[in-house]
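Here is a short report on one predicted model. Have the sequence and coordinates open while reading.

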Amino acid sequence: MEPILEIKNLTCGYQQEPVFTKINLKLYPGQLSGLVGPSGSGKSTLMKAILGLIRPWGGEIWFRGKKLNPGVAPLKVGYVPQVETVDWNFPVTAEEVVMMGRYQRKQLLPWASSSDRAAAKRLLSRLGVANVAHQPIGELSGGQQQRVFLARALVGQPDIVILDEPTSSSDLHVQHELLHLLADLNQEGLTILLSTHDLNSVATHLPWVVCFNHGIISQGQPIDVFTPATLEQTFGAEMVVF
Ligand code: ADP
Ligand code: MG
């Protein structure tokens, strides 16, 4: 099978400082994978490079057999940013946030066709948050915002969705609900890559994990990958309790 996403010799950094150097990674259609590593290990940087939000120093990113232009947002890649990094100091409703997902980044919104609205409603409903459609996004809980953002990512009918730390700001119950939802969407054919620094309640529930700390350390099913040696290499000795 051809990979849906292939990272080749990718190097990214900020100012003079590299975050990771010449990494290689393949993701296949239908995978639900977790990029697992501690805070500051470069997970968001890798995701932003895939999303064209930062320009890599070197290497290539291939999506469905085509090389992406560095720093350009690929079509058909949905993105759910880390919820707590979003500042909601403007009045839009949940439904409007979802409708934005029907348009390319930087495109002015031609407010908004009835089919946009219908698609937004359908997705909010599918994700269990139809009841908040007309509420301002800033007034929703973290878990509700997350679902609104997931709806926004899905409304463009992406081939893959990238979620940055989708579980980091929620309690265990909400985390597991989200993981169930993602597993359902994955069963329906969606390819998913999420990042997490949570080894206990998130990473072990994923079918495929990529251990990451300024580079790829190991990947596979959690039961095979989460060995003491790999965990120590990923999280450092003091983080791991045997
Ligand atoms: P993670 O998502 O795993 O927590 P990040 O990719 O956010 O890691 O960060 C990796 C490293 O890059 C960290 O040392 C972080 O401080 C640094 N970094 C992230 N964003 C920037 C930025 N915009 N400018 C400078 N350094 C950054
Ligand atoms: Mg991050």
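The report covers a ligand shell, a helix and a loop residue.

**Ligand 1.** This is a predicted model. Around ligand 1 sit Tyr-14, Val-19, Gly-37, Ser-39, Gly-40, Ser-41, Gly-42, Lys-43, Ser-44 and Thr-45. By class, the shell holds 2 nonpolar, 7 polar and 1 charged residue. Helix H1, residues 43-50, is the top contributor, giving 3 residues.

**Helix H4.** H4 runs over residues 142-154. It spans 18 Å from first C-alpha to last, close to the 18 Å expected at 1.5 Å a residue. Most of H4 is covered, with 12 of its 13 residues buried. Among the buried ones are Gly-143, Arg-147, Val-148, Phe-149, Leu-150 and Arg-152. What do the buried residues of H4 pack against? Their partners are two strands and three helices, tabulated here.

| Partner of H4 | Residues |
|---|---|
| Strand S6 | 77-80 |
| Helix H2 | 94-100 |
| Helix H3 | 114-126 |
| Strand S7 | 160-163 |
| Helix H5 | 172-187 |

**Thr-93.** Thr-93 lies in the loop between strand S6 and helix H2. Is Thr-93 buried or exposed? Thr-93 is partly exposed, because 18 other C-beta atoms lie within 10 Å, whereas a buried residue needs 20 or more. Beyond its neighbours within four places in sequence, Thr-93 contacts Ala-133, His-134, Gln-135, Pro-136 and Ile-137. Lys-76 is 17 residues from Thr-93 in sequence. In space, the two are 24 Å apart, C-alpha to C-alpha.

Key: Residues are numbered from 1 along each chain as its sequence is written. Chains are lettered from A and ligands numbered from 1 in the order in which they are written. This is a predicted model: local features need pLDDT of at least 70, side-chain atom pairs count only at pLDDT 80 or more; totals for chains, interfaces and linings use all residues. Helices (H or I, at least four residues) and strands (E, at least two) are DSSP runs, numbered from the N terminus. Two residues are in contact if their C-beta atoms, placed from the backbone, lie within 7 Å. A residue is near a molecule or strand if its C-beta atom, placed from the backbone, lies within 6 Å of it. Ala, Val, Leu, Ile, Met, Phe, Trp, Tyr, Cys and Pro count as nonpolar, Asp, Glu, Lys and Arg as charged, and the others, Gly among them, as polar. The expected span of a helix is 1.5 Å times one less than its number of residues.
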